[in-house]
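Subject: Structure for your files

Hello,

Here is the structure we spoke about. Please open it next to this message, and read the notes with the model in view.

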Amino acid sequence: MDELLQEFISETQETLEALAGEVVAWEADPADSDRLDAIFRFFHTVKGSCGFLNLPRFERLSHAAEDVLADIRAGKRKPDPATVSAVLGIMDRIGELAEAVALGAALPSENDDFLIAALTGIEPVAEAEPSAEVESAAVAVSRSAGPQSGPRTIRLPLSLIDQLMNGVSDMVLARNELARKLRERPADPELDTSFDRLSSCVADMRDVISKTRMQRIDRLFAAIPRMVRDLGRDLGKRIDLSLEGGDVEMDREMVEMVVDPLTHIVRNAVDHGIEPPDRRRALGKPEAGRLQLQARQSGNQIVIEISDDGAGIDTARLVEKAIAAGRLTPEAAARLDPQERAELIFLPGLTTAKAVTAVSGRGVGMDVVRANIERIGGLIALDNMPGQGLRITLRVPLTLTIIPGLILRAGGLHFAIPRAAVVEILHDTNDTLHMAEIGGAKIATIRSVRHSMIDLEDVLGIEKSGQSGPRAVMIVRSASGVPFAMGVAAVENHEELVIRPASPLIMATGVYAGMTLPDNGKPMLLLDAAGLANAARLPNIEDHAVAAADGDAETREGLEMVAALRFQALTGERRLLQLSLIERVEDIDARLFGCSGGRSFVRLDGRLVPVVGDPGVQTPDKVAALRLRDGAREACFPVAAVLDIVQMPAVPDMVAMQGLVSGVSVIEGEHLEVINPFALFAALPDEPVAERSRGRCLLADSDDGWTREILAPLLRQAGHDVILGLPADAVDPRDVVLCSAADTAQAAEMFGCRVVQLRASQRPAGPADTSIYRYDQDALMQALSGSRAGRG
């Protein structure tokens with residue numbers, strides 16, 4: 001009998017916990033016969049079991065509720081709010097009785113007739129006599145009837161589960177240490193086999209004991225519907241409640257620690273946030289307010305979001321209260337941004353309530369909520385939308401678990417990261433990896449796929465330590481699903497790590513998910529992938545790639561598109577430039593490019609045109625160039641290759657103004673830098689480029705056919721002024737005399753200018769021969785530019 005009574009109490013308590021929300025949902029939708037049947041079956045089961053177990057108060061209460069629900073099922077009665085409240089009252093009384101029986105305690109005498117009268121609508125005739133049922137049940141529970149079979153479930157203190165988990169954690173650390181020592185010894189197949197078997201047993205035990213601490217979040221949500229329903233009725237508000245993510249599991253200890261903060265936030269949302277129906281009608285909102293609770297697992301954290309469509313936080317009133325309380329000066333308040341104003345709600349003693357009620361308004365709550373969340377290593381964040389609602393996000397770390405992790409080194413320190421967050425590891429010397437900067441952001445391209453890149457030392461603010469070998473580049477999967485590349489000094493090992501909460505100060509940085517203890521016994525911090533991405537403010541370039549891949553036409557619909565030329569710059573990057581700015585594309589002789597007064601130019605059609613871009617890059621004989629014009633001014637933009645013409649958004653997908661680049665656009669899944677035409681033409685000189693005179697080319701052998709037909713045209717094409725024969729007037733010292741005969745060269749030296757002697761033979765006459773082979777074009781051009789003086 002004792003075992004049956006315990007089973008009855010246990011099942012009754014579990015069913016009551018689940019049914020509280022079902023009754024509220026049934027009230028919102030009276031036509032839901034499935035929920036009505038579930039509630040009816042509960043009372044019917046309780047009534048049937050009570051007679052056998054001699055529990056008359058249980059039987060009387062459940063029988064009254066069963067009769068009323070039977071009338072509702074038969075259509076003889078409607079489930080009005082008063083009836084639903086009475087059913088909930090009966091369920092509460094049955095729960096109180098069950099708890100008293102389970103504890104073996106006596107329940108103070110209560111008059112059940114008033115609950116039954118509220119349910120049936122018939123006033124009680126006389127007060128019922130107190131029942132001795134609880135006392136007798138207590139005695140029955142305390143008796144022992146000799147040996148019994150083991151119960152199906154047992155209750156264990158959480159401290160015992162903690163001891164088991166700590167023991168398994170120590171076993172994992174000991175196994176890791178043993179594995180390290182075995183790696184240092186010569187291979188022993190038999191010993192390795194035994195160790196593998198031990199590892200398997202430890203892993204199985206770890207998984208089983210870890211599950212004993214895990215609990216579904218729907219148990220955390222179970223009391224929310226009843227609480228929202230009762231508060232809404234008390235405050236005269238209609239609320240549509242939505243619960244999502246009840247199948248997410250979290251640590252039992254965390255469930256207990258989060259219950260109170262979550263309850264307080266929900267009560268605040270109902271009391272402060274959601275407006276009364278008449279106020280919502282005046283604002284154009286639906287009469288029923290929306291309250292949504294969502295739970296999900298994000299990496300090594302549980303994220304719980306509570307959002308409503310109410311009035312949000314009145315930041316002006318918060319600032320006013322803070323100034324009045326002496327917590328803030330008017331000057332400091334003026335410097336606060338909207339987010340900082342909203343976070344004043346966490347100051348002790350501050351509230352936006354205009355009056356103290358039974359629900360809230362005393363200024364005690366949100367400061368305690370944040371303290372409780374941070375005490376367990378969690379974080380709380382506000383997203384305030386005045387007039388539209390408020391979203392509060394709770395991030396709770398896993399307090400005690402064992403996960404596979406990687407040990408990495410950065411800045412001379414060691415850190416851990418979950419192995420599940422790492423997609424791939426490469427060295428920066430890998431041929432498939434290319435690192436560059438686009439729009440001021442580091443980009444790592446791996447097998448034609450681009451990723452935003454960070455160096456862990458830069459994010460954490462530590463100095464990079466010198467190393468002789470290559471650095472490691474890890475492709476990390478963040479909580480948002482967008483992978484990014486992270487550079488570290490080295491990835492040293494992989495272990496199964498015991499995760500424990502870090503101090504609130506460390507967790508407040510947002511880049512750590514806890515701390516761990518590896519087999520060497522030295523504590524390490526566990527990195528949070530999503531926190532690192534947020535701290536580095538990585539541009540989410542992959543979002544645009546996904547949008548482009550999902551459907552170019554639909555995604556680009558409504559965007560202003562312009563024609564653009566896709567080209568490859570001299571430095572290797574692939575870029576875009578608005579097509580309307582390009583007058584034409586042509587190949588230009590590399591020798592026509594020059595520099596004067598620190599300004600680059602190119603000689604085109606007898607004019608000097610300024611050059612933009614990077615003309616200092618080594619180029620071949622012919623350079624592909626873009627002739628640009630803004631209407632009045634002209635410029636030349638040398639490129640490595642012209643690819644094709646595409647359509648690009650008028651505004652880049654990612655705006656990042658830096659130098660000549662205005663941002664990055666995604667074209668056919670490829671991320672391309674967009675040239676900023678404003679910055680391009682702004683870099684041009686205000687005045688036309690004036691070429692410094694390079695002197696004339698004086699051809700002494702003017703009667704020679706080779707000089708007239710071959711040499712003179714070559715020099716003119718290279719941009720030189722050519723004069724056949726030696727002039728009768730004075731010669732400028734910058735002029736250059738070209739001749740073939742040695743005696744002519746000696747005579748030309750009398751003019752006081754440079755002389756370049758040419759020879760017909762490919763080989764010089766001797767060591768003292770400084771003449772140039774007349775078909776050696778490169779040597780000839782170098783001599784004319786002054787790099788080689790020839791004779792004289």
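The notes below go from the whole chain to helix pairs, then to one short helix and a few single residues.

**Overall**

Please keep in mind that this is a predicted model. The protein has 792 residues, and 44% of them are buried. Its secondary structure consists of 25 helices and 35 strands. If you take the contacts between residues at least 6 apart in sequence, 64% of them join residues at least 24 apart.

**Three helix pairs**

The pair that comes first in the chain numbering here is α3, residues 56–73, with α4, residues 81–103. Their axes come within 10 Å and cross at roughly 155°. An angle over 145 degrees counts as roughly antiparallel, and α3 and α4 are therefore described that way. The crossing is left-handed. On the α3 side, the contact is made by Arg57, Phe58, Leu61, Ala65, Val68, Leu69 and Ile72. On the α4 side, the residues are Thr83, Val87, Ile90, Arg93, Ile94, Leu97, Ala98 and Val101. By class, the contact of α3 with α4 has twelve nonpolar residues, one polar and two charged. The spacing along each helix has a simple background: an α-helix has 3.6 residues a turn, so residues three or four places apart point the same way.

The next pair is α10 (residues 224–235) and α11 (residues 252–273), whose axes also come within 10 Å but cross at roughly 30°. Angles under 35 degrees count as roughly parallel, so α10 and α11 are roughly parallel to each other. Here the crossing is right-handed. Helix α10 contributes Ile224, Met227, Val228, Leu231, Gly232 and Leu235 to the contact, and α11 contributes Thr263, Val266, Arg267, Val270 and Asp271. These residues divide into seven nonpolar, two polar and two charged.

The third pair is α23 (residues 705–717) with α25 (residues 777–785), packed at an angle of about 60° with their axes 12 Å apart. Helices α23 and α25 are therefore oblique to each other. Their crossing is right-handed. The contact is made by Leu711, Leu714 and Leu715 of α23, together with Gln777, Leu780, Met781 and Leu784 of α25. Six of the residues in the contact of α23 with α25 are nonpolar, one is polar and none is charged.

**Helix α19**

Helix α19 covers residues 529–536, and Ala529, Ala530, Gly531, Leu532 and Ala533 in it are buried. What do the buried residues of α19 pack against? The partners are the strands β13 (449–455), β14 (472–477), β15 (483–488) and β18 (524–527), and the helix α17 (456–460). Both ends of α19 have a feature to look at. At its start, a side-chain oxygen of aspartate 528 reaches to within 2.8 Å of the backbone nitrogen of glycine 531. Just after α19, arginine 537 has a positive phi of about 50°.

**Single residues**

Leucine 628 lies in strand β25, residues 622–629. Is leucine 628 buried or exposed? Its relative accessibility is 1%, so leucine 628 counts as buried. Leaving out residues up to four places away in sequence, leucine 628 touches Leu577, Leu581, Ile582, Glu583, Arg633, Glu634, Ala635, Phe637, Leu680 and Phe681. Valine 611 is 17 residues from leucine 628 in sequence, and their C-alpha atoms are 9.9 Å apart.

Leucine 643 is in strand β27, residues 641–649. With a relative accessibility of 34%, leucine 643 counts as partly exposed, because that class runs between 20% and 50%. Not counting neighbours within four places in sequence, leucine 643 is in contact with Arg566, Phe567, Gln568 and Arg574. Of these, arginine 574 is 69 residues away from leucine 643 in sequence and 9.0 Å away in space, C-alpha to C-alpha.

Serine 771 belongs to the loop between β34 (754–759) and β35 (772–773). At 4% relative accessibility, this serine counts as buried. The side chain of serine 771 makes a polar contact of 2.6 Å with the side chain of aspartate 769.

Best wishes

Technical notes: Residues are numbered from 1 along each chain as its sequence is written. This is a predicted model: local features need pLDDT of at least 70, side-chain atom pairs count only at pLDDT 80 or more; totals for chains, interfaces and linings use all residues. Side-chain values use heavy atoms; hydrogens and water are left out. Helices (H or I, at least four residues) and strands (E, at least two) are DSSP runs, numbered from the N terminus. Buried means under 20% relative accessible area, exposed over 50%, partly exposed in between (1.4 Å probe, protein chains only). A polar contact is a pair of N or O atoms within 3.5 Å; within protein, one must be able to donate a hydrogen and the other to accept it, and residues adjacent in sequence count only if both atoms are side-chain atoms. Axes are lines fitted to C-alpha atoms, for helices over the stretch in contact, and angles run from 0 to 180 degrees between N-to-C directions. Angles under 35 degrees count as roughly parallel, over 145 as roughly antiparallel, 65 to 115 as roughly perpendicular and the rest as oblique. A crossing is left-handed if the near helix is turned anticlockwise from the far one by less than a right angle, and right-handed if clockwise. Contact means heavy atoms within 4.5 Å. Ala, Val, Leu, Ile, Met, Phe, Trp, Tyr, Cys and Pro count as nonpolar, Asp, Glu, Lys and Arg as charged, and the others, Gly among them, as polar.
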